[in-house]
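User: I have a model open and would like to understand the terms used for it. Could you walk me through them?

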Amino acid sequence: MALSFSLIPKNYRLNQGKASAGLSSRREESDLSALGAWKSERTSKSQSGSLSGLTSVLGFDLNSSVLSHLVRDDTSKVSAVDKKVSSSLTKEFVSALEAQAKEDAKAGVYGKDGKAEALRAEQMKQYISPDRDSAIAQVTKLLANGSTMEKVSLRGLPYTASISGTTAEIYDASGETIARCDRKSGKWESVATKAESQFRTASSSIYDEAYRAEEYRASHAGGGLSLNIRT
């Protein structure tokens, strides 16, 4: 399975309004005080399953990132999507992902053997992703019968579908498209939801932060600095 860690937006960790030089600029930081600050931010890691502890889990200031809306004092204003993503970042998952990142860093291979991606995929399937397989199976049967309908509710699922002469689309309970099919080819395409996209961004950041921290620790343990810069 192809890894998606490299798809993290290059300005993901920089303050709003500042020009981005990509993640590589952050990897070039070698000041020991920076590592000390990073470690300090992670002391409240036990709160990783809540919105208030998400900043410490990710290891950087979410208030100046593209996920700043995940951390707010007034949680009543946080959207259902944000709450869903936050609840998926459980303490157990974050610990496992960080542990894998450290193992990969020690081996010197980012995303080694796809194990971290497998962890992320399983967590997303359990907490985030809709039941596309069941929905697609139902709509495929309708397509086989030559059906066309503006809107149909799927049995046993909180989803709906629309089927025209050329395409079919499936929507989740909030109305987001989760899959579509070209009737001519018969091929289905999964469409990422907002929650899935946010989870991938957040979990990629957790992995990247732990990987770089282990690189930093290893390089200073030997008295030298030889970080593996990736762009």
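User: In what order do the elements of the chain run from the N terminus on?

Analyst: Happy to help! This is a predicted model. From the N terminus on, the order is α-α-α-α-α-α-α-β-β-β-β-β-α, with eight helices and five strands in the chain.

User: What makes β1 and β2 a pair of strands?

Analyst: Pairing needs at least two bridges between the strands. Strand β1 (residues 149-153) and strand β2 (residues 160-163) are joined by three bridges, so they meet that requirement. The two run antiparallel, and Ser 153 stands opposite Thr 160 in β2. Together β1 and β2 form a hairpin, with six residues between them. In the turn, Gly 156 has a positive phi of about 75 degrees.

User: Why is Asp 172 said to have no salt bridge?

Analyst: A salt bridge requires the charged atoms to be within 4 Å. For Asp 172, the nearest side chain of opposite charge is Lys 84, at 6.3 Å, so no salt bridge is counted. Asp 172 is buried all the same, and its place is in the loop between β3 (167-171) and β4 (177-182).

User: How do you know that Asp 172 makes a polar contact with Ser 174?

Analyst: The limit for such a pair of N or O atoms is 3.5 Å. The side chains of Asp 172 and Ser 174 come to 2.8 Å, so the pair falls within the limit and counts as a polar contact.

User: Leaving aside neighbours within four places in sequence, which residues is Asp 172 in contact with?

Analyst: Asp 172 is then in contact with Pro 158, Tyr 159, Ile 178 and Thr 193.

Key: Residues are numbered from 1 along each chain as its sequence is written. This is a predicted model: local features need pLDDT of at least 70, side-chain atom pairs count only at pLDDT 80 or more; totals for chains, interfaces and linings use all residues. Side-chain values use heavy atoms; hydrogens and water are left out. Helices (H or I, at least four residues) and strands (E, at least two) are DSSP runs, numbered from the N terminus. Buried means under 20% relative accessible area, exposed over 50%, partly exposed in between (1.4 Å probe, protein chains only). Lys and Arg count as positive and Asp and Glu as negative; His and the chain ends are not counted. A polar contact is a pair of N or O atoms within 3.5 Å; within protein, one must be able to donate a hydrogen and the other to accept it, and residues adjacent in sequence count only if both atoms are side-chain atoms. Contact means heavy atoms within 4.5 Å.
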